[in-house]
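Student: I have this model open and would like a close look at one part of it. Please take me through a single strand and its surroundings in one go.

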Amino acid sequence: MDFDSHGISRPGSIEILPNGNIAVADGQIKKITIVTSDGDSVAQFGKEGRGPAEFIYPGNLTVASGLLNVVDANQFKVLEFDLNGNFVDSYGYKSKAMGGSIALSDDREFFTGANGENEKLIKWGKADTDTSQLFGEAKISLIEDMDMEASRNAIENGQIPDYFKNNVILTLDEDHVYAFLNSYSELRKYTRDGELVWERHLDLPDNDQLKSDIAEAAGQSPNFLPFLTYIYSAKFVDSGIYLLGNKARNSSQHLIRVNADGEITTLYQMPDSDMQVLSFAIDPNSNTLYVSDAMSGIVYKGKL
């Protein structure tokens, strides 16, 4: 689906709505676009700002409590819309996670990275009650400020800088929290009460090349610090955890399915090595995959 006709410039997060329509976030024009599964326009809403129905950066999209939830991590705010794009309400959240990442559940319950606060990895919270709980063993205690030079030296030598050790991406099923430690390629499964079920190191297909790419980039980029992330995003869909792998140089990206026991079961490869997919969504009813290629401004649709 080419979204030129819908005014989308840089498609990011994608979510399939209960009615079968597709919601697409665009961080460049600060809008959400809703289309049918065939790509026909349904609604477009949002604008840049800090008011109701406004975004600094519309990030992850999630359906929770029957509403489309849009995470604006720049404001540490979740904005709620009905399935036609009408603004309903919003709430704030607190997070020490890198990028303010968050996984949402019904009734404004959320999980986010604790980043080593009180030696813990994950924070559970409920927005309406302002209650929270920390769980999961962190790799390192909370580090508030990054030592740029030490971090660059560590990356160039194939090591993980302390500041990035607790970088985590979270996804949920009905009873569990799955935490992918993005500097280690390590996946953990917790109950929602915080009990560790298992932890697995995952040998993803591009891990070695990604480590090499980042080490080389760190030595050639004096004005910014590239750091290793093995995946872009994770979603639990129909009894499996899907991990969207990062883009290794001169290689096609992979989407990896992991079962509920932490075993890799299926590898999917993007058809073009020039694609840089940042987000995906899967319709389990039709086995349809949607991926957003931010570089081309296209959302692709295919079958798994």
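Tutor: Start at the hairpin of strand 12 and strand 13, where 6 residues lie between the strands and Asn115 takes a positive phi near 60 degrees. This is a predicted model, so read every value as computed from it. Strand 13 covers residues 120–126, runs antiparallel to strand 12 and is joined to it by 5 bridges. One pair to find on screen is Thr112, whose bridge partner in strand 13 is Lys123.

Stay in that connection. Glu119 belongs to the loop between strand 12 and strand 13. Its phi is near 70 degrees, a positive value in a residue other than glycine. Most residues other than glycine have a negative phi. Glu119 has a relative accessible area of 45%, so it counts as partly exposed; the class runs between the 20% limit for buried and the 50% limit for exposed.

Now strand 12 itself, residues 109–113. Of its 5 residues, 5 are buried, so the strand is largely enclosed by the rest of the structure. In a regular strand the side chains alternate between the two faces of the sheet. Here both faces are covered. Glu109, Phe111 and Gly113 are buried on one side, and Phe110 and Thr112 are buried on the other.

Next, the other neighbour. Strand 11, residues 102–104, pairs with strand 12 in the antiparallel sense over 3 bridges. Ala103 stands opposite Phe111. The two strands form a hairpin with 4 residues between them. In the turn, Asp107 has a positive phi of about 60 degrees. Arg108 lies in the loop between strand 11 and strand 12. Arg108 also has a positive phi, about 60 degrees, although it is not a glycine. Its relative accessibility is 14%, so Arg108 counts as buried. Compare the cut-off: buried means under 20% relative accessible area.

Step back along the chain to another hairpin. Strand 7 (residues 61–64) and strand 8 (residues 67–72) pair in the antiparallel sense over 4 bridges. Thr62 stands opposite Asn69 of strand 8. This hairpin has 2 residues between its strands, and Ser65 takes a positive phi near 55 degrees.

Follow on to Ala73, which sits in the loop between strand 8 and strand 9 (77–81). At 18% relative accessibility, Ala73 counts as buried. Beyond its neighbours within four places in sequence, Ala73 is in contact with Tyr57, Tyr93, Gly99 and Gly100. For a longer view, pick Ile231: it is 158 residues from Ala73 along the chain, and their C-alpha atoms are separated by 19 Å.

Finally, set these parts in the whole chain. Its secondary structure comes to 2 helices and 25 strands. The radius of gyration is 19 Å, close to the 19 Å that the globule rule gives for 304 residues, so the chain is as compact as a globular protein of that length. Its C-alpha atoms fill a box of roughly 50 × 45 × 40 Å along the principal axes. Of the 304 residues, 54% count as buried. Among contacts with a separation of 6 or more, 40% join residues 24 or more positions apart. The accessible surface comes to about 13,700 Å², and 42% of that belongs to carbon and sulfur atoms. The chain has 26 positive and 45 negative charges, and their mean positions are 2 Å apart.

Methods: Residues are numbered from 1 along each chain as its sequence is written. This is a predicted model: local features need pLDDT of at least 70, side-chain atom pairs count only at pLDDT 80 or more; totals for chains, interfaces and linings use all residues. Side-chain values use heavy atoms; hydrogens and water are left out. Two strands pair if DSSP finds at least two bridges between them. The radius of gyration is taken over C-alpha atoms; the globule rule is 2.2 Å times the number of residues to the power 0.38. Buried means under 20% relative accessible area, exposed over 50%, partly exposed in between (1.4 Å probe, protein chains only). Contact means heavy atoms within 4.5 Å. Accessible areas come from the Shrake-Rupley method with a 1.4 Å probe; for residues, only the protein chains shown count as cover. Lys and Arg count as positive and Asp and Glu as negative; His and the chain ends are not counted. The place of a charge is taken as NZ of Lys, CZ of Arg, CG of Asp or CD of Glu.
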